[in-house]
Amino acid sequence: MKEKAIVLFSGGLDSALTSIILKDAGLDVIALRFVTPFGCIRKNEAKDVTGIIKEKFKIKVEEIILNEEFIEILKNPKYGYGKNMNPCIDCKILMLKKARKVMDEKKAVVVATGEVLGQRPMSQHKIALNNIENESGLKGYLLRPLSAKMFEQTIPEKAGIIDREKMYGIFGRGRKQQYELAKKYGLDVIPQPASGCLLTDSYFSNRIKDLFKYKPDFNERDVSFLRIGRHFRIGNEVKLILGRNSSENAVLEKMYSSSDVMLSPGDDIPGPTGLVYGNNISVNDISSSMSVFAKYSDKKIDSVKIDVKSSNKIDCLSAVPIDESAISRMKI
Ligand code: SF4
């Protein structure tokens, strides 16, 4: 019976290599893929790598969904944010705590990550990595195979369960050694290094800051809106979201609830779908939203007809497009 190892698998190169290195070292690897509300933009690419890991390297991949717990650390991260709204240290600790549980359930000998010492300024310097190890309850059982030789031996290495000679001593931001390892182990598709987490995106982070400011008690629905469309701040409690293409329009239509107001083109001219949502939506809020909607309509005339759906009742109204300077102040 092979000993088991649990790997935090993001779908990026480093975690893919980590899984393969441990498999090559004779362990039965279980890769945990954490799904957060702000997860990977490159969904398909991650899927490809996940497919290769599963099929070519026969590594099991299991998904763990993080919703409320993740939102809680995002609101108040003990170790703060990175360059944007990414609470990487707290996030890693949360994931590792979950991995620790899986390790115990599956009677695995170690938890491993694809972290490389010195690769990222906030979360991958030695003090941060030590904090992560201590707070996750994995002291002595957290292995970073790509940089293992830069760290003290883990307990399973000391016990000879994991062959330290099969681990590496990579340091820093360069990718050359990882590319060489990918070649060595036959990983033909090279995923990008970053996780694709939207929280590292400055544009997306602005939307989160706006949410923190205007709706500090935000919930999963508020978060799910952040991924879609163009966003406009209409009032302290009200936002407008406009779909940028037919699939976003369809998603907004699906997400409509009776407390929202939905805007759609009132004649045959194509235009976006708009969702006005928030608390206490006033007539003025709807009117401002309609002017923004009219600006994005494909109908380049003075007045645009709009179907306004509110409390499941539809009225056809007209609006004049808002001017450019006003719109830029509302954009989030
Ligand atoms: S980039 Fe995102 S998913 Fe990755 S550790 Fe940071 S917050 Fe977590």
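In the predicted model, I314 is exposed, with a relative accessible area of 55%, a value that places this residue in the exposed class because the cut-off for that class is over 50%. I314 belongs to strand β11, which covers residues 313-319. When residues up to four places away in sequence are not counted, I314 touches D307, V308 and K309. A further spatial relation links I314 to M262, a residue 52 positions away along the chain, with 9.0 Å separating the two C-alpha atoms.

A contrasting environment is found for T50, a residue of helix α2. T50 is buried, its relative accessible area being 11%, and this assignment follows because buried residues are those under 20%. Leaving aside neighbours within four places in sequence, the contacts of T50 are with F9, R33 and V61.

Aromatic side chains form five pairs in the structure. In one of these, the ring centres of F38 and F70 are 5.8 Å apart and the ring planes meet at 45 degrees, so the pair is classed as tilted. F38 is located in the loop between β2 (28-35) and α2 (43-55), whereas F70 is part of helix α3 (residues 68-75), so the pair ties together parts that are 32 residues apart in sequence. Both F38 and F70 are buried. A second tilted pair is formed by F225 and Y277, with 4.3 Å from centre to centre and 45 degrees between the planes. Here F225 comes from helix α9 (residues 220-226) and Y277 from strand β9 (residues 274-278), so that parts 52 residues apart in sequence are tied together by the pair. F225 is buried, with a relative accessible area of 0%, and Y277 is likewise buried, with a relative accessible area of 7%. Beyond the pairwise description, F38 and F70 join with F204 in one aromatic cluster.

Charged side chains are also placed over aromatic rings. The charged end of K75 sits over the ring of F218, at 4.7 Å from the centre of that ring, while R100 lies over the face of Y141, with 5.9 Å to the ring centre.

The second largest pocket contains about 280 Å³ of space. Its lining is made up of 17 residues, and those nearest the centre of the pocket are E133, K139, F151, E152 and Q153. Three secondary-structure elements, α5 (126-135), β5 (142-143) and α6 (155-158), each contribute at least two residues to the lining of this pocket. Sorted by class, the lining residues of the second largest pocket comprise six nonpolar, four polar and seven charged residues.

At the level of the whole protein chain, the secondary structure consists of twelve helices and eleven strands. The C-alpha trace of the protein chain spans about 75 × 35 × 35 Å along its principal axes. Of the 332 residues in the protein chain, 51% count as buried. Among the contacts in the protein chain with a separation of 6 or more, 64% are accounted for by residues 24 or more positions apart.

Notes: Residues numbered from 1 in each chain as written. Predicted model: local features only at pLDDT ≥ 70, side-chain atom pairs only at ≥ 80, totals over all residues. Heavy atoms only, no water. Helix = DSSP H or I, 4+ residues; strand = E, 2+ residues; numbered from the N terminus. Buried < 20%, exposed > 50% of the residue type's maximum accessible area, 1.4 Å probe, protein only. Contact = heavy atoms within 4.5 Å. 1 Å grid on protein atoms, 1.4 Å probe; cavity = no way out; pocket = protein on both sides within 12 Å on 5 of 7 lines; lining within 4 Å. Points joined across faces, edges and corners; volume = space filled by probe spheres on them. Nonpolar A, V, L, I, M, F, W, Y, C, P; charged D, E, K, R; others polar. Phe/Tyr/Trp six-rings, centres within 6.5 Å; stacked < 30°, edge-to-face > 60°. Lys NZ or Arg CZ within 6 Å of the ring centre and 35° of its normal.
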